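Load the model in your viewer and keep the selection box ready. Each stop below tells you what to select and what is there.

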Amino acid sequence: MPDQKIDAVIRVLDDLLNEDDILATMVKSRGAPAVSPPTSRFKIKNFAIWQLINASVDQSLALVDAFSNAGADKLYLEIAEYEIIFFVIDRGTVLVAVIPALANKGLLEVEIENARRVLRQLFRRG
Amino acid sequence: MVFTVAVAKTREWNGRKAGQELGLKLTSHLPREPTFVIVYATIQYEKYGGFQEFLQGLHEYIPKGTPLIGGTVAAFMTHEGVFSRGAAAVAVYSNEMDVAAGCGLNTRRNPILAGRECISQMKQKISESVYPNGFLFVYYSSAVVPSYPFIGRKAVITSKILGFLSKALYDFSLKFLQKGVDRSDEFLPLFADEFHDYQILAGGCTDDVKQTRNYVFFGNRVLENAVVGLALKTSLSGGVAATSGFKPTGKEFQLTKLGQDRRIIFEIGGEPAKKAFLKILGWPEAYLDDRVFSRLFWYPVSFQSRFGRNTMQVFGLFVEDSIIMPYRVEGDKLQLLTATGKSLLEAASENLNYFHDKKPLLGIISECGLRAITLGSRLHDQRETVSEIFGGTPFVSAFFAGEAIYSQVDGLSYGNDTFKSLLFWR
């Protein structure tokens, strides 16, 4: 991914992190390193969970790929006190957001969807 | 007749800058100073500069003295998208329109006095208008879940001692601390009576529907426990409509013991209210946890109100064996309703289709914040539908905690879980 595009993706994710209940976020494309703002911006307390997500995010891409012809749009995973939401950007890319399990998910999803729309445009531009 | 509308939104995080951006966008789209402005902002600005700064920024462009009302909302929607963070405003310039704004304070302590104060300020200014058609926008402080010592802020209190304490403190909290239900069911009828030949659209200002705080805007003032109104007289026509997407399930709650103010349900069918509620819905007690609101949204109840329409409300707080409702219950029966995600989305098109033979100039919508919470990212689908129906016509929808409409033909309708609109046309 060109540096300019990485910067643009980070700006979108950084803006999302301003939301109180977005604890951590990244964009992951198949075969490419994950893109995320500096972890110092994250609010996730259990960092081991984040490392686990980081290590296994490629498996979410495999799931997205498997269900992409059926219109895969989002994946949800609840772990301990966190909920991990995978918003599909395209067949090979997901936007990952970690929120508290008891967060006001609907309102957060409105904003995650806004971020996804901007990211989709960025990825379509190539 | 000139009727020019500007709808603008901002995504600025900083309150001052957000106000400035909105003010600049609004004024640059109007030929002259606005006749009135309605502003909606999400609660985040409380942390990023504050709402006073936000209004200050707005007033760098909007002349002081311009009738301006609004408040905090859970989300908002325009042709540009749907957002749960930011601010939006609608400004109108018209050379044939009379406008009056009013404000009443201490809505929880004395809702009647607050309503009368707000009404009288508007009536004084607008009663001599020569224009035939009246419209009124009302925004007010919605319910705030009280926080008690040793209990905190909870939707479900199971302990007998704490439950007893919180019920005992209910009245004290409402009247002295001004926390609790919003009492809009007491002051909204006054607006309908006094402006009986107007069409009214109202909304209860909220935060992110956690119901911990909210703010109402009046000119450059940021208020709590308040009701604000904006009355218009014009030669334009218009109409209001309410839909929800909910349908009766056929199940009923027979209320056998209510509190004095008819907001606390002690018994249903002779049984403790909570136990009977769980039995009728077929829920395990474990469902009454911190996520109870996301489940309760799907099961509001309604009763035929004395104002002619059904009043729909969600269950409020579960305290010991009792249930506290947001609005006073009329009669002794509550109908249980439910919806599907599809029917919720269809509520928007069903509502706007009431006006299919009109050519609207502007649409202003009050929707329940719980719709935003429930639909989540699917709210973008609703936005696309609504945008398509409006075509080139500007509109703004804001998500509240409590919505109301009134028309002389259909009467007053207030409650939760609804999609309510007011449209203007020539």
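A residue is buried if 20 or more other C-beta atoms lie within 10 Å of its own, with the C-beta atoms placed from the backbone. Keep in mind that this is a predicted model.

**Stop 1: a strand in chain A**

Select residues 93-100 of chain A, the strand β4(A). Seven of its eight residues are buried, so β4(A) is largely enclosed by the rest of the structure.

Now add residues 24-29 of chain A, strand β1. β1(A) and β4(A) run antiparallel and are joined by six bridges. For a reference pair, label V27(A), which stands opposite L95(A) of β4(A).

Next, add residues 82-90 of chain A, strand β3. β3(A) also pairs with β4(A) in the antiparallel sense, here over eight bridges. Label I84(A) and V98(A): V98(A) is the bridge partner of I84(A) in β4(A). Then follow the chain from β3(A) into β4(A); the two are joined by a hairpin through two residues.

**Stop 2: two residues with positive phi**

Most residues other than glycine have a negative phi. Select A80(A) for an exception: its phi is positive, about 50°, although it is not a glycine. A80(A) sits in the loop between β2 (74-79) and β3 of chain A.

Jump to E320(B). Its phi is near 55°, again a positive value in a residue other than glycine. E320(B) lies in the loop between β20 (317-319) and β21 (322-324) of chain B.

Which of these two is buried and which is exposed? Count C-beta neighbours inside 10 Å. A80(A) has 9, so it counts as exposed. E320(B) has 21, so it counts as buried.

**Stop 3: a helix pair in chain B**

Two packed helices are described by the angle between their axes and the distance between the axes. Select residues 341-352 of chain B, helix α8, then add α10, residues 379-390 of chain B. The axes of α8(B) and α10(B) come within 9 Å and cross at roughly 15°. Angles under 35 degrees count as roughly parallel, and the two helices are therefore roughly parallel to each other. Their crossing is right-handed.

Show the side chains at the contact. From α8(B), pick L345(B), A348(B), S349(B) and L352(B). From α10(B), pick D381(B), Q382(B), T385(B), V386(B) and I389(B). By class, this contact has five nonpolar, three polar and one charged residues.

**Stop 4: where the chains meet**

Zoom out and colour by chain. Here 21 residues of chain B are in contact with 13 residues of chain A. On the chain B side, β5 (81-83), α9 (369-375) and α10 (379-390) each give two or more residues. α9(B) gives the most, with four residues. The residues on this side of chain B divide into ten nonpolar, six polar and five charged.

**Stop 5: A74(B)**

Finish on A74(B), in the loop between β3 (68-72) and β4 (76-78) of chain B. How many C-beta neighbours does A74(B) have inside 10 Å? There are 30, so A74(B) counts as buried.

Select what A74(B) touches, leaving out residues up to four places away in sequence. Across in the other chain is L107(A). Within chain B, the list is S84(B), T206(B), D208(B), V209(B), G369(B), A372(B) and F399(B). Put a distance label on V209(B): its C-alpha atom and that of A74(B) are separated by 6.3 Å, although the two residues are 135 residues apart along the chain.

Key
Residues are numbered from 1 along each chain as its sequence is written. Chains are lettered from A and ligands numbered from 1 in the order in which they are written. This is a predicted model: local features need pLDDT of at least 70, side-chain atom pairs count only at pLDDT 80 or more; totals for chains, interfaces and linings use all residues. Two residues are in contact if their C-beta atoms, placed from the backbone, lie within 7 Å. Ala, Val, Leu, Ile, Met, Phe, Trp, Tyr, Cys and Pro count as nonpolar, Asp, Glu, Lys and Arg as charged, and the others, Gly among them, as polar. Axes are lines fitted to C-alpha atoms, for helices over the stretch in contact, and angles run from 0 to 180 degrees between N-to-C directions. Angles under 35 degrees count as roughly parallel, over 145 as roughly antiparallel, 65 to 115 as roughly perpendicular and the rest as oblique. A crossing is left-handed if the near helix is turned anticlockwise from the far one by less than a right angle, and right-handed if clockwise. A residue is buried if 20 or more other C-beta atoms lie within 10 Å of its own, exposed if 12 or fewer, and partly exposed in between; C-beta atoms are placed from the backbone. Two strands pair if DSSP finds at least two bridges between them.
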